[in-house]
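User: Hi! I'm new to this one and would like a quick tour. Could you put it up so we can look together?

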Amino acid sequence: MEAIREAAARYLPLRPFCVQYESFIYTDASFLGLGFAFTQVDPAGHEFFVQCGSCACTPAMKNYSCMELELQAIVMAVRKCLVFLMALNSFTVFIDHRDLEGLEKRDLEPSPNNRILRDRKSTRLNSSHSSVSRMPSSA
């Protein structure tokens, strides 16, 4: 776990949250755990961590389908980052699960709180959230 922390600190520094910057959440899930990284990009194009986290799967979660685990990772990330996300007009969620591709094109019930933009991407932060989901912290 220490190696993951060192690599993350080396490649994406931790900075305070700024409302004006473009915001992204990268999520990943495995049957071992869930992980996320909340990042922002400053006007110069530098991406940096605001928050990241992980959790181990509960015994019940080990019975979830892959799609349910990926959705649970998004729910966990949004809950953990809620204090930041409430200040934003929009943010982008990146996932790497093909079954959720096109989610943004599906009809959603109209809601004034429907401010989330969704996207599927082969993530460029594989070493952060993917590693964290496969080696979750116990805290």
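User: How many bridges join β1 to β4?
Analyst: In this predicted model, β1 and β4 run parallel, joined by three bridges.

User: And what stands opposite Phe24 in β4?
Analyst: That's Thr92.

User: Is β4 mostly covered or mostly open?
Analyst: Mostly covered: five of the five residues in β4 (residues 91-95) are buried.

User: Which of them point which way?
Analyst: Phe91, Val93 and Ile95 point one way from β4, while Thr92 and Phe94 point the other way. Side chains in a regular strand alternate between the two faces of the sheet.

User: OK, on to the core. Which residues touch the most other members of the largest nonpolar core?
Analyst: Ile25, Leu34, Phe38, Leu85 and Phe91 do, in a core of 22 residues. The elements giving two or more residues to this core are β1, β2, β3, α2 and β4.

User: Which one gives the most?
Analyst: α2 does, with six residues. As a general point, nonpolar side chains in soluble globular proteins tend to be buried together.

User: Tell me about α2, then. Which of its residues are buried?
Analyst: Leu69, Glu70, Ala73, Ile74, Met76, Ala77 and Val78 are the buried residues of α2.

User: What covers them?
Analyst: The cover includes β1, β2 (33-41), β3 (47-56), α3 (82-85) and β4.

User: Does the length of α2 fit, and what span should it have?
Analyst: Helix α2 (residues 66-80) has 15 residues and, at 1.5 Å a residue, should span 21 Å; its end C-alpha atoms are 21 Å apart, so the two agree.

User: Changing topic: where does Val19 lie?
Analyst: Val19 is in the loop between α1 (2-11) and β1 (22-29).

User: How does Val19 count, buried or exposed?
Analyst: In between: Val19 counts as partly exposed because its relative accessibility is 44%, and the partly exposed range runs from 20% to 50%.

User: What does Val19 touch?
Analyst: Leaving out residues up to four places away in sequence, Val19 touches Ala87 and Leu88. Val19 and Gln40 are 21 residues apart in sequence, with their C-alpha atoms 9.5 Å apart in space.

User: Last thing: what is the mean pLDDT of the chain?
Analyst: The mean is 79, and 71% of the residues reach 70 or more. Residues 116-120 stay under 50, and the model has 18 contacts for them beyond four places in sequence. Residues 122-127 are also below 50, with 11 contacts in the model beyond near neighbours in sequence.

Terms used: Residues numbered from 1 in each chain as written. Predicted model: local features only at pLDDT ≥ 70, side-chain atom pairs only at ≥ 80, totals over all residues. Heavy atoms only, no water. Helix = DSSP H or I, 4+ residues; strand = E, 2+ residues; numbered from the N terminus. Buried < 20%, exposed > 50% of the residue type's maximum accessible area, 1.4 Å probe, protein only. Contact = heavy atoms within 4.5 Å. Pairing = 2+ DSSP bridges. Expected span 1.5 Å × (residues − 1). Core = buried A, V, L, I, M, F, W, Y, C linked by side-chain atoms within 4.5 Å. pLDDT = per-residue confidence, 0-100.
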